[in-house]
Structures are given as C-alpha cells and as structure tokens.
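Student: I should like to work through this model by question and answer. Where shall we begin?

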Amino acid sequence: MMVRYCPNCGKAVTDDITRVCSSCGYTLANPAAQIPKQITASRTEIIERAIPFFAAKKYAVQAQTDYFVSFESQDRDVSWLIFIVFCCLGLIPAIVYYYWFTHNHQVTVSLGGTTPVTMNVIGNTAQAKKDAAEFMQLF
C-alpha cells in the first residue's frame, strides 16, 4: 500500500479507501485512476511519441488505432520471494504461480477529441502505472 498525502493540508492518508481528508474535508482523487489530460498536439503526434518511449522500456505494440495504442511488456510483475518459496515446495507450484498469478506489464494510451486531444494513459501493474505516469509528464 502506498501512502498518499492530502494536496490541501498535507496530512497522510494511509488507506486506499478514503475519499475525503479527515483533517480538512478536501475531496481526494482516486489513486488508481489517472486523470485525463488535455493536449494541444495531434493524435498522430502523440502516438508517434508514445511508440519509441514505450519501446525503450521494453514494451511492444499489441493493438493500435487512431484513438488508442496498447503496449505489453514480456516482463512480469513477479514477487521473487514468493517465487523462491514456491520453488522450495517444488517446480510445479512455482510454474503455476509464475504463469497464472503474475501479469505482464500493460499500458494503454487512449486519445479522444480533435484539438485539444484528451489523453489518458493507464497501466495494470505498479511498474506499468509508473511508466504511464512518466509518459503523461512528457506533455
């Protein structure tokens, strides 16, 4: 769990359920949701910047249209400590954990509108969310 802070008063919010700051009453954003951003660049330009950005981070394009691009990495979201424990129990539990309970990193860039373009970038794992936030900061 990640500790968040109220942007209004700075008080720590230690759970993911709280939507209102207990100190000042400020409405907190959903930590899992990425806020769409208005961009003055064209959809084509955003896609042309997204592909090399995510390719440098070992993502491959899975699907692409004029309105979204989906990227997937072959790297998995694996807890190596759990994997090692399962290896001690046998090879079969470790394989089951690795292929059924871990996920490849995936990022989706969604684009809407004409000018300005509304861009939303989301990821499915902690690393993918970090990469998505890093790409959003480029604009």
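Student: How far is the sulfur of C88 from the closest cysteine sulfur, and in which residue is that sulfur?

Tutor: Please note that the model is predicted. A disulfide requires two cysteine sulfur atoms within 2.5 Å. The sulfur of C88 is too far from the closest cysteine sulfur for a bond; the distance is 7.0 Å, and the residue is C87.

Student: How many disulfides does a search of the whole structure find?

Tutor: For C87, the closest cysteine sulfur is that of C88, too far away for a bond at 7.0 Å. A search of the whole structure gives a count of 0.

Student: Is C88 buried or exposed?

Tutor: A residue counts as exposed when its relative accessible area is over 50%, and as partly exposed between 20% and that value. C87, at 37% relative accessibility, is partly exposed. With a relative accessible area of 68%, C88 is exposed.

Student: Which strands stand at the edges of the sheet?

Tutor: The sheet is open and has 5 strands with antiparallel pairing, in the order β3-β7-β6-β5-β4. Each edge strand has a single partner strand, so one side of it is left without a neighbour in the sheet; these strands are β3 (37–39) and β4 (59–64).

Student: What is the average twist from one strand to the next?

Tutor: The strands follow one another in the order β3-β7-β6-β5-β4. From each strand to the next, the twist averages 25°.

Student: Which residue in β6 stands opposite F71?

Tutor: Strand β5 covers residues 68–76 and strand β6 residues 104–112, and the two pair in the antiparallel sense over 6 bridges. Opposite F71, in β6, stands V107.

Student: Which residue in the turn between β6 and β7 has a positive phi?

Tutor: β6 and β7 pair in the antiparallel sense over 6 bridges, and S110 has N120 in β7 as its bridge partner. The two strands form a hairpin with 4 residues between them, and the turn residue with a positive phi, of about 80°, is G113.

Student: What is the bridge partner of Q38 in β7?

Tutor: β3 and β7 run antiparallel and are joined by 3 bridges. In β7, the partner of Q38 is T118.

Student: Which residues form the uncovered face of β7?

Tutor: In a regular strand, side chains alternate between the two faces of the sheet. Helix α4 (residues 126–136) lies across β3, β4, β6 and β7 (117–123), at about 155° to β7. The covered face of β7 has V117, M119, V121 and G123, whereas the uncovered face has T118, N120 and I122.

Technical notes: Residues numbered from 1 in each chain as written. Predicted model: local features only at pLDDT ≥ 70, side-chain atom pairs only at ≥ 80, totals over all residues. Heavy atoms only, no water. Pairing = 2+ DSSP bridges. Axes fitted to C-alpha atoms, helices over the stretch in contact; angles between N-to-C directions. Contact = heavy atoms within 4.5 Å. Buried < 20%, exposed > 50% of the residue type's maximum accessible area, 1.4 Å probe, protein only.
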